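Visitor: Please take me on a close look at a single part of this structure, and explain any words I might not know. I am just starting out, so go step by step.

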Amino acid sequence: MAVILNRRFLIAQMLLLVLVAIVVGMPNAKILSVTYYPFLIALGIMDLIYIALLISKAKRGMESTGPNDIIVFVWVIILIWELASTKLALTPNVIVPTPEEVFNVFATSYDTLWESVVSSTSLLMVGYLGGILAGVVLGVICGWIPRLREMFFPIANVMAPIPPTVFAPYLVVLMPTFRSASACIILLGVFWPQFLNMVLRVSSLDPKLMDNARALCVKGPAMVTKIILPYVTPGILQGLRVSLTTAFLMLTFAEMIGARAGIGFFITNANIYANYAAVIAGIIVCGVVVTVLSAITSWVQRRFTLWR
């Protein structure tokens with residue numbers, strides 16, 4: 001507990017108390033049509049996450065200034081935002097919504113936001129997992145067979161740098177639904193880097209190992225997999241987070257080209273109606289979803305990386 005209750009922790013809590021006092025006690029220069037309770041609840045949730053992170057690090061014997069510095073930075077930004085928008089009215093009313101208006105979106109549109117998260121996550125997983133699986137399987141095959149490697153590796157080097165978004169107009173026409181077109185865009189963004197990674201990893205294996213694996217082909221694919229898999233698994237795991245970032249970027253774009261659900265659609269639709277409070281709320285949701293998915297990916301990497 002002494003590790004947690006230090007000067008940095010007390011500074012963070014004092015800033016939070018000052019922020020709450022300003023929200024509740026300082027008169028508003030801007031007339032609000034919403035209550036500040038969702039905003040205060042959001043502040044409390046952020047502080048609980050911060051404290052839980054400190055406790056988790058303390059239990060593992062880790063002493064880090066990162067969480068303290070991050071939360072102080074967050075409180076300062078929100079404090080400036082609150083003063084400039086709500087209390088002093090220094091910012092344009094439409095373009096810069098108040099924190100109260102932004103966090104009220106979570107209270108009034110939580111069902112729509114939740115449906116958007118579910119829709120986006122399911123679409124993301126289809127494209128992400130499909131791209132990973134196709135990239136690994138085809139990459140291992142092309143890395144395994146020299147003739148295929150010489151044929152498809154140059155093609156992959158040309159295709160990989162092309163942003164999958166340029167294919168969006170054609171995919172929208174080609175695929176039966178906007179959702180399937182969106183899944184293809186995500187899949188393409190993940191597939192090419194994973195394919196190149198696997199080809200390079202398999203082709204760089206010790207020639208003697210490859211000869212032994214080819215000799216075991218007669219005994220079935222299971223014997224080959226048992227030899228090759230330990231060498232390609234680290235490459236798959238290392239690329240998970242990078243592929244996830246790429247997939248989420250493709251997801252956000254894909255949902256803006258014709259989707260009727262998802263986080264990207266929620267943000268685009270709010271932007272059309274100049275509802276910038278909902279736009280910022282959607283951006284916050286994107287950040288939360290990416291953080292959670294990244295944490296899950298990191299856990300998978302730690303759990304299944306063979307050399308750890």
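Guide: Let's begin with the vocabulary of the elements: helices (H or I, at least four residues) and strands (E, at least two) are runs assigned by DSSP and numbered from the N terminus. What you see is a predicted model, in which local features need a pLDDT of at least 70 and side-chain atom pairs count only at pLDDT 80 or more, while totals for chains, interfaces and linings use all residues. Residues are numbered from 1 along each chain as its sequence is written, and side-chain values use heavy atoms, with hydrogens and water left out.

The part I have picked is helix α8, which covers residues 178-203. To place it, look at the whole protein: 13 helices and zero strands make up its secondary structure. How sure is the predictor? pLDDT is its confidence in each residue, from 0 to 100. The protein has a mean pLDDT of 82, with 85% of its residues at 70 or more. Confidence is lowest in helix α10 (residues 221-238), where the mean is 62, and highest in α4, where it is 93.

Now into α8 itself. A residue is buried when its relative accessible area is under 20%, exposed when it is over 50%, and partly exposed in between (1.4 Å probe, protein chains only). Contact means that heavy atoms lie within 4.5 Å. Start at Ser182, a residue of helix α8. Ser182 counts as buried because its relative accessible area is 1%. Beyond the residues up to four places away in sequence, Ser182 touches Leu123 and Ala254.

Move along to Ile186, which also has its place in helix α8. With a relative accessible area of 0%, Ile186 is buried. Setting aside neighbours within four places in sequence, Ile186 is in contact with Leu123, Leu124, Gly127, Tyr128, Ala247, Met250 and Leu251. Notice Leu123 in that list, since Ser182 touches Leu123 too. Along the chain, Ile186 and Met125 are 61 residues apart, yet 9.3 Å separates their C-alpha atoms.

Finish α8 at Ser203, which lies in this helix. Ser203 counts as partly exposed because its relative accessibility is 33%. Its contacts, leaving aside neighbours within four places in sequence, are Gly143 and Arg149. The C-alpha atoms of Ser203 and Ile145 are 8.8 Å apart, with their positions 58 residues apart along the chain.

Contacts between distant stretches of chain turn up across the whole protein as well. Among its contacts with a separation of 6 or more, 74% join residues 24 or more positions apart. Of its 308 residues, 40% count as buried. One of the buried residues outside α8 is Gln13, at 18% relative accessibility. Gln13 sits in helix α1 (residues 7-25) and, neighbours within four places aside, is in contact with Asp47 and Tyr50.

Let's step over to the empty space. Rolling a probe the size of a water molecule over the atoms shows where such space is left. On a 1 Å grid over the protein atoms alone, a cavity is a set of points where a 1.4 Å probe fits but cannot get out, whereas a pocket is an open set with protein on both sides within 12 Å along at least five of seven lines; lining residues have an atom within 4 Å of a point. Points are joined across faces, edges and corners, and the volume is the space filled by probe spheres set on them.

The largest pocket holds about 1600 Å³ of space. Its lining has 40 residues, and Met46, Ile49, Gly287, Val288 and Thr291 are the closest to its centre. Two or more lining residues come from each of α2 (37-59), α3 (66-87), α4 (99-108), α5 (110-144) and α13 (276-304). The largest share, 12 residues, is given by α13.

One last stop is the loop between α12 (263-272) and α13, where Ala274 lies. Most residues other than glycine have a negative phi. Ala274, although not a glycine, has a positive phi of about 55 degrees. Ala274 is partly exposed, at 38% relative accessibility. Ala89, in the loop between α3 and α4, has a positive phi near 55 degrees and is partly exposed at 33%.

Notes
pLDDT = per-residue confidence, 0-100.
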